[in-house]
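Me: I would like to go through this model and ask, step by step, how its labels are justified.

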Amino acid sequence: MSDKPIIENKNSQVENTALQLAKLAKQRGLDALLQKDKVPSTWSQRAQARAIVEKATQQQNLERIIYFSAQKTSEQDAGSEPDADWMTEFLHLASNTQVKSMQMLWADILSQELSTPGSFSVKALRTLKLMTQREAKWFQSACELSSTIGGEANNKIITGIVRPASNLGLVRAKLDKISLGQHRMPYHHVLQLTELGLLFDRELEIRPSAHHDTPLIHGEAHYSLRPRFKGCKLIYHRFTPIGDELAQLINKQALSSYQEQLEQLLHNYFERN
């Protein structure tokens, strides 16, 4: 480690990494060895001081989450009291969340759990704990692209349509794909959401019936589909049960560019009512 003191460059508009590290260390009570003069306190004293600061920060975080949750609750009758072990786990996992937007998600979970106990599993809480603010935004984008098909409640992101070849081989198989990367969902976002356990790790297929209409809901739009060609299949990314749980937190607003492309794709292969 360099013995040079860390000096702030007043003329620089970009904070250098050394200065950034010094600030972070000071905020966390870990800057003793970075000081020019010897710090009079002992290792034990500094550890105790840091623990007090961390506990105070956790208390502040939880009080803010409770406050935000109180803004969302109403005077309607509550369900049964949340499970004590669930509540303990909730407080433990939420306590280190300092970003306001993430605190709001935790507040949403608590208010929904109070009105409908059992809405969120401990696994879903642990997954939210692992998510960064950036990953939460990616998940919101995924929710905005999602649809429900056939009356099922789980969320699916439609990525394309397959028309199989005819039995006599007169018509070749055809695959029409939607590039999610053009709609705020590049492939590495999909991979990361899969790694978090929010999406299944492969695309799936569903074949709407040729004998009756299959309902599809995307945002505020409702469609009834019947294939123009025999055996047409929708290809999609499916949310996991944990992904479906956390999707309850997202105020989904369909992305117009994706919806336009989806509607054109459906028009090419399905009769719509």
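Reply: Let us begin with a cut-off: a residue is buried under 20% relative accessible area, exposed over 50%, and partly exposed in between. The model is a predicted one.

Me: Why is R126 called partly exposed?

Reply: R126 has a relative accessibility of 43%, and because partly exposed covers the range between under 20% and over 50%, R126 counts as partly exposed.

Me: What makes the contact of R126 and E89 a salt bridge?

Reply: The side chains of R126 and E89 meet at 3.3 Å, N to O, and a salt bridge asks for a Lys or Arg side-chain nitrogen within 4 Å of a carboxyl oxygen of Asp or Glu, so the pair qualifies. It links distant parts of the chain, with R126 in helix α5 and E89 in helix α3, 37 residues apart.

Me: How do you know that K177 forms a salt bridge with E203?

Reply: The closest N and O atoms of K177 and E203 are 2.8 Å apart, and since the limit is within 4 Å, the pair is a salt bridge. K177 sits in strand β3, whereas E203 lies in the loop between α7 and β4.

Me: Why are K177 and E203 both called partly exposed?

Reply: K177 has a relative accessible area of 40% and E203 one of 35%; because partly exposed lies between the buried and exposed limits of 20% and 50%, K177 is partly exposed, and E203 is partly exposed.

How values were computed: Residues are numbered from 1 along each chain as its sequence is written. This is a predicted model: local features need pLDDT of at least 70, side-chain atom pairs count only at pLDDT 80 or more; totals for chains, interfaces and linings use all residues. Side-chain values use heavy atoms; hydrogens and water are left out. Helices (H or I, at least four residues) and strands (E, at least two) are DSSP runs, numbered from the N terminus. Buried means under 20% relative accessible area, exposed over 50%, partly exposed in between (1.4 Å probe, protein chains only).
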